[in-house]
Amino acid sequence: RAAPLSTMPLVSRVDGARMDVDGHATRDPFAWPPVGREPADDAGPVVPMGRACCRRLNLDPAGVSRVQVEARVVNDGAGLRIRSVGTNPTPWFPGRDGHRRRLLRKNDEATLEDGDCFGLLTTEPEPGSVRWVAARADGEGAAGVEEGGTKRGAGSPRDDDDDDDDDETQPASKRVKDDVEPDPEPDPEPTPVVLVFCGPPGSGKSTLCAKLPPNAWCVANQDTIGKNGRRGTRKQCLNAARRALTDPRKPRHVAIDRCGLTDEQRADFLALAVELGARCECVHFDLPREEVFARVRARVDHVGGVEGEGGVRAVKRMLGGKANAPPNKTDGYGKVTRCVNAWEQDNAAAAYASLAPPRVGWMAAGPSAATGEGTEGIRVAAETKNQNQNQN
């Protein structure tokens, strides 16, 4: 007899090839590996999670879709890939970022590592209600999902003798064998990157920023840079960018989380990079309009208030601006990356997230930061270009 929805399996076990319900093995279709798959396949079946799980996780089901998340074990149990499919965004809390909240919009995906958490309700407090536990490399351990930090479905006891070796009880992602040297720290980047965005609300700018490691990146988000996390100004974003780039002890790359739909809106940040001798690059979020509207329509409690049908109307007005202009390398950017779908956005995020922090003292080896030569020319060129576009 099938288990009721209120006991939907939440734990995927690799070594026992079972899905556990409340710590008890149950007969269900979520075996590992799935029947009919070749042994070489490294991904498990898709497991839906949603409103039926709320009672077990002590969540209000009103804000959770019938299917909020599709989860599947990947990389032979080393990771859990989740895809947000619900109406409201799905929160996830990566451990490498101190379990700080990030939001997955509809159809956004994330791959969880050992110890990462996620939730089903957009407003769940950190660190979320569900925790991912990766499989162990020797096949004896489990890959599973925990609720509220308490392991569910510990599986059968081991038959071998008790072993106090701490290394054997560590998950694969945490264990380092004696004969394997740890990966060396990557060489620092010679100069920092000022990453400017061009894209309307709902195009994925903040989602990309959420994937940037905070030890290497500073995100200047105009929606939250003001006092007490309120909306700020372009000048505040510029000041935050300058501080991060010129920190004598720990300089960082900077991502400017603003719409930047016109040349004039982007010019000040390009000028700052030229002034300091940093690299300025741009990501152009050029998604289909209907996809952007759908994301904005599905938003709840957006920090900038751009959500629902009112938010869609605001985005349409922004996209209709006469001064709007896509970025071009001739504007002075070292690189322009155009993203037309979520896959290209993920690639861009991965590329920038892989950058090591800038080298300490990078400014001493670069051009003089004091002259600011060329910065005024960038601003004038941008303003002239906008004026010409408005006249046409």
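## How α6 and α7 cross

Helices α6 and α7 cross with right-handed geometry (a crossing is right-handed if the near helix is turned clockwise from the far one by less than a right angle, left-handed if anticlockwise). This is a predicted model, in which local features need pLDDT of at least 70 and side-chain atom pairs count only at pLDDT 80 or more, while totals for chains, interfaces and linings use all residues. Residues are numbered from 1 along each chain as its sequence is written, and side-chain values use heavy atoms, with hydrogens and water left out.

The axes of α6 (residues 289-298) and α7 (residues 308-319) come within 8 Å, at a crossing angle of roughly 145°. Here an axis is a line fitted to C-alpha atoms, for helices over the stretch in contact, and angles between N-to-C directions run from 0 to 180 degrees. Helices (H or I, at least four residues) and strands (E, at least two) are DSSP runs numbered from the N terminus.

On the α6 side, R289, V292, F293, V296 and R297 do the touching, and they meet G308, E309, G311, V312, V315, K316 and L319 of α7 (contact means heavy atoms within 4.5 Å). Sorted by class, that contact holds six nonpolar, two polar and four charged residues. Ala, Val, Leu, Ile, Met, Phe, Trp, Tyr, Cys and Pro count as nonpolar, Asp, Glu, Lys and Arg as charged, and the others, Gly among them, as polar.

## Two open pockets

The largest pocket holds about 680 Å³ of space. Of its 27 lining residues, R100, R101, S206, A210 and N221 sit closest to the centre, and β8 (102-104), α3 and β14 (217-221) are the elements giving two or more residues to the lining. The class split is eleven nonpolar, seven polar and nine charged. A pocket is an open set of points on a 1 Å grid over the protein atoms alone, with protein on both sides within 12 Å along at least five of seven lines; lining residues have an atom within 4 Å of a point. Points are joined across faces, edges and corners, and a volume is the space filled by probe spheres set on them.

Next comes the second largest pocket, at about 520 Å³. It has 30 lining residues, with P201, K205, D223, C259 and M318 nearest its centre. Helix α3 gives the most to this lining, with three residues, and the lining divides into eight nonpolar, 14 polar and eight charged.

## Closed cavities

There are three cavities of 30 Å³ or more (a cavity is a set of points where a 1.4 Å probe fits but cannot get out). The second largest has a volume of about 80 Å³. Its lining is made up of D108, G204, T207, L208, K211, R295, A342, Q345, D346 and A349. Two elements, α3 (205-210) and α8 (342-353), give two or more residues each, and α8 gives the most, with four.

## F93 and A52

F93 belongs to strand β7 (residues 90-93). It counts as buried because its relative accessibility is 0% (buried means under 20% relative accessible area, exposed over 50%, partly exposed in between, with a 1.4 Å probe and protein chains only). Leaving out residues up to four places away in sequence, F93 touches a list of residues including H99, R100, R101, F118 and P125.

A52 sits in the loop between β4 (47-49) and α1 (54-57). With a relative accessible area of 25%, A52 is partly exposed.
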